[in-house]
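I opened the notebook to look up two things: the ligand site and the cysteines. My entries follow in the order I made them.

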Amino acid sequence: MTPQEASKAAADVCNLAPVVPVLVVDDASIAQDLAAALVHGGLPALEVTLRTPAALEVIAEMAKVAGGVVGAGTLLTPQDVEAAKAAGATFGVSPGATDLILDACEANDLPLLPGTATASEAMRLLERGYTVQKFFPAAANGGAPALKAIGAPIPQVKFCPTGGVSLQNAHEYLSLPNTLCVGGSWVAPKDLVTAKDWAGITALAKEAAALAR
Ligand code: 3PG
């Protein structure tokens, strides 16, 4: 898969809804219910971070949920890329971008949303052909004003800002012309997941899905 093809696919994922839930799931037995709660609330694109021992199994379970588009986050190594693809992930997300990760995603036909935090990093990815990138960590890097400033000289790169994004500040990003969607963990808070409060999570997803962009 070329970087251009990857960016086209990443844009398609980002355009599904204003928010991509960032999920840290410990227990694969609740994966389908959690995914269904988010999908029913209007958030079909789901990022499952590879930060728990259960993550690959969670991806495989969530991939069975109708209407869901399941990706793997926290891709750090080529092995992560191969394992995510094998588990059924249809897109990948990385906190930063290295040649090893870009090579692995291209070789494995896994569309990547590569992380970037500065103009130089965005330019380097753009040189390789990646026009859709994740701005990470968004809030710590200056938030929406920083992303807006990057968009002035580099308007052809579109972003999914992630990290410190909330229901309260998401509109600051979503109103920018270079923001396709945002990523955030607030739609699946640990207390609601632990309580298996799927109705509560669907309500949070609906609220997020209704954000204007
Ligand atoms: C992450 O990598 O954990 C994501 O950026 C989510 O960040 P958040 O918890 O601040 O939404």
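Entry 1, polar contacts of the ligand. I started with Arg 51, where an N or O atom of the side chain is 2.6 Å from an oxygen atom of the ligand. I note here that the model is predicted. Next I looked at the backbone. A polar backbone atom of Gly 164 lies 2.6 Å from a ligand oxygen. For Gly 163, I found a backbone N or O atom at 3.3 Å from an oxygen atom of the ligand. I then looked up the cover: on its own the ligand has 310 Å² of accessible area, and the protein covers 78% of that.

Entry 2, surroundings of the ligand. I asked which pocket the ligand sits in. I found the ligand in the second largest pocket. I listed the residues around the ligand as Val 22, Arg 51, Phe 136, Thr 162, Gly 163, Gly 164, Gly 184 and Ser 185. Sorted by class, this shell holds 5 polar, 2 nonpolar and 1 charged residues.

Entry 3, cysteines. I asked how many disulfides the count comes to. The count is 0 disulfides. I then went to Cys 160, which is in no disulfide; its nearest cysteine sulfur belongs to Cys 181 and is 3.7 Å away. A disulfide needs the two sulfur atoms within 2.5 Å. Cys 160 has 2% relative accessibility, so I entered this residue as buried.

I also looked from the side of Cys 181. The closest cysteine sulfur to that of Cys 181 is in Cys 14, at 3.5 Å, which is too far for a bond. Cys 181 has 0% relative accessibility and therefore counts as buried.

Entry 4, recap. I have Arg 51, Gly 163 and Gly 164 down for polar contacts with ligand oxygen atoms, and 0 disulfides in the count.

Definitions and conventions: Residues are numbered from 1 along each chain as its sequence is written. This is a predicted model: local features need pLDDT of at least 70, side-chain atom pairs count only at pLDDT 80 or more; totals for chains, interfaces and linings use all residues. Side-chain values use heavy atoms; hydrogens and water are left out. A residue is near a molecule or strand if one of its heavy atoms lies within 4 Å of it. A polar contact is a pair of N or O atoms within 3.5 Å; within protein, one must be able to donate a hydrogen and the other to accept it, and residues adjacent in sequence count only if both atoms are side-chain atoms. Accessible areas come from the Shrake-Rupley method with a 1.4 Å probe; for residues, only the protein chains shown count as cover. On a 1 Å grid over the protein atoms alone, a cavity is a set of points where a 1.4 Å probe fits but cannot get out, and a pocket is an open set with protein on both sides within 12 Å along at least five of seven lines; lining residues have an atom within 4 Å of a point. A molecule sits in a cavity or pocket if more than half of its atoms lie within 2 Å of its grid points. Ala, Val, Leu, Ile, Met, Phe, Trp, Tyr, Cys and Pro count as nonpolar, Asp, Glu, Lys and Arg as charged, and the others, Gly among them, as polar. Buried means under 20% relative accessible area, exposed over 50%, partly exposed in between (1.4 Å probe, protein chains only).
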